[in-house]
Amino acid sequence: MEVEADIGAESMKDESFFGPLDILLITALLGIAAWWFMKDKKKDSAYKSYTIQPTALGSTTDTSGNSFIKKLKTSGRSLVAFYGSQTGTGEEFAGRLAKEGVRYQMKGMVADPEEYDMGELINMKEIPNSLAVFCLATYGEGDPTDNAMDFYEWLQNGSADLTGLNYAVFGLGNKTYEHYNAVGIYVDQRLEELGATRVCELGLGDDDANIEDDFITWKDKFWPSVCDYFGIETMGEDVSIRQYQLVEHTEINNDRVYSGEVARLHSLKNQRPPFDVKNPYLAPITVNKELHKAGNRSCMHIEFNIEGSRMRYDTGDHCAVYAKNDDENVEKLGKLLGVNLDTLFTLTNTDEDSSKKHPFPCPTSYRTALTYYLDITSNPRTHILKELSEYCSNPEEQSKLKSMASTSPEGKQLYNSWIIQDNRNIVHILEDMPSCKPPIDHICELLPRLQCRYYSISSSSKLHPTTVHITAVRVEYKTPTGRLNKGVATCWLADKKPPTQPELPSPLVPIFIRKSQFKLPTRPQTPIIMIGPGTGLAPFRGFIQERDLYRKEGKPVGDTILYFGCRKRSEDYIYQEELEEYVANGTLKLYVAFSREQEQKQYVTHLLEKNKDELWNVIGENNGHLYVCGDAKNMARDVHNIVVSVIKEKGNMEEAQANTYLKKMEAQKRYSADVWS
């Protein structure tokens, strides 16, 4: 073929492809294209610019691919902060450490382990006085986050010599979960086993209590340990260091402006699969109905149409919803900051070597940023209060913010009462401290990203392959200061009702599917027990639908036992008719606890404790599966204790043997929990 191509090229050597007219036309077209390009460039050059202090002096353009070692060397850095983050907190903590490094003669960079070759840790010793910090969250049942999975497996399966690597680990977890901070603990131990040197003791953050307090307490030990280890005698000035440079656009092509997209420009207008966390699918809502019969609380059953999206889900998976902040809160914040929310702007990282060029998609408007990209409703962390204090003209307000940002016992107590217990967000803080007038671009830099919300899918993919059902309680409550706080996603979803007239379009919601390990046994004849009070019923509704379908198809199906709990039969007994129908046709055995229908409160755990023989029959005698979904702090812990007690009593085992038995069940996926605190 190569010979034939050469012969063909030789025979055409003397033939001209273009005549004079063709060349003239091409030249004209190229001239028009050049004029159009320069016109847009000129438009975008009309902007308002602010000069701010950069986080690092290095400005080498990245040509190193996935080599963090080259980035460190070319930019004169010695600190790299890796993060494993599912909701953004781990990334935020890593960013704070890297940013503070300049104060301790260690310029730093933030790194996503998913984007780099982590095998290069063996080369950290080539950089003098270098340090790797790992801020790693534990997710699910003791699992690493998605972006840290490859790094975690590399540590498990590899045997690299990490002699010369200096490291520190801060773990992010939740004490209500059984595998509290399992990832951080493992990585800290494993790095030492491979020869690395621990510079500071392991830090453990508990999100069920006050993870911010845990982090700053650890950080107060971390920096002195670093200074002592590397012989750093002096620290840099404690000054505010900006990470992003602002450009406000007076003229810009609107086709280049982001309007709420997660990543790709126009992805919400020009939809194309595959759909995932960075490219959600705009799913029409076909059903949005109230499940509670009475009372002042609300629980919604919502159905999304995914036909034609090529998205697939398995029973037990999660549906992620990208919601938006309440318009009223956005308007309030705009007025407090004294800005025109429709101003278009770009925030660009002053660190040219950083893989994160912008904090969120840019260019965009302040309104879009506060509506879709920034979390304006959560309690701000202490580093935000410290930055806000610099913009207070009232000394008392400034002192109060600085105190709450400190690590003193009085400051921590004030932060816990004034921010956490009183449930103040950024809007409330600026309302209650009228002298605090930060620039909006600094607010955009400081606030964390608005995260998607995950819901257990409450339908079976075998019965409903083209629709995804979720079950969600609407969150709305009064704070101690008398303000009305609303759940970002649930209150937004509550207003998205499908039209009564079929010719009208349905409301659209950006969603994607997250896979889960919460699965039915592969053999339908395996017996199962499901424990899910309140909206913990959601995934079990899908489980029951699937088992009912198998039964109707004539397949052998094992015992399907559900423990459900609510307050009152007449108020919040969700899916009552469905469940009772499954009982009537023989698919389901049902136990319901009504906590407030009698003087003595009764919960699902009370019913479970009464049925020890049946519980042991399923998990001990027939290798059945046990599932728990709902509250992690009380219900899931009580269920765990009951199961251990039953294994001891009915299985004639000692405490240690019973715990080993339960661990084996977990390893075999026969004991699964999908819980939250």
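Biologist: Which residues of β2 point one way, and which the other way?

Modeller: In this predicted model, L79, A81 and Y83 go one way from β2, while V80, F82 and G84 go the other way.

Biologist: And what makes you call β2 mostly covered?

Modeller: Buried means under 20% relative accessible area, and six of the six residues in β2 (79–84) are buried. That takes in both sets, the one with L79 and the one with V80.

Biologist: How do you know that β2 and β3 pair?

Modeller: Pairing needs at least two bridges; β2 and β3 (residues 108–111) have four, in the parallel sense. In one of them, A81 has V110 of β3 as its partner. To get from β2 to β3 the chain goes through helix α4 (residues 89–100), in a right-handed β-α-β crossover.

Biologist: What about β2 and β4, how many bridges there?

Modeller: Six, against a cut-off of at least two, so β2 and β4 (residues 131–139) count as paired, again in the parallel sense. F82 sits opposite F134 of β4.

Biologist: Moving on to the helices, why is α19 called roughly perpendicular to α20?

Modeller: α19 (residues 612–621) and α20 (residues 632–650) pack at about 85°, axes 10 Å apart. The roughly perpendicular range is 65 to 115 degrees, so α19 is roughly perpendicular to α20.

Biologist: Which residues make that contact?

Modeller: From α19, K612, D613, L615, W616 and I619; from α20, I642, V643, V646, I647, E649 and K650. By class, that contact has seven nonpolar, four charged and no polar residues.

Technical notes
Residues are numbered from 1 along each chain as its sequence is written. This is a predicted model: local features need pLDDT of at least 70, side-chain atom pairs count only at pLDDT 80 or more; totals for chains, interfaces and linings use all residues. Side-chain values use heavy atoms; hydrogens and water are left out. Axes are lines fitted to C-alpha atoms, for helices over the stretch in contact, and angles run from 0 to 180 degrees between N-to-C directions. Angles under 35 degrees count as roughly parallel, over 145 as roughly antiparallel, 65 to 115 as roughly perpendicular and the rest as oblique. Contact means heavy atoms within 4.5 Å. Ala, Val, Leu, Ile, Met, Phe, Trp, Tyr, Cys and Pro count as nonpolar, Asp, Glu, Lys and Arg as charged, and the others, Gly among them, as polar. Buried means under 20% relative accessible area, exposed over 50%, partly exposed in between (1.4 Å probe, protein chains only). A crossover is right-handed if, with the strands pointing away from the viewer, the path from the first strand over the helix to the second runs clockwise.
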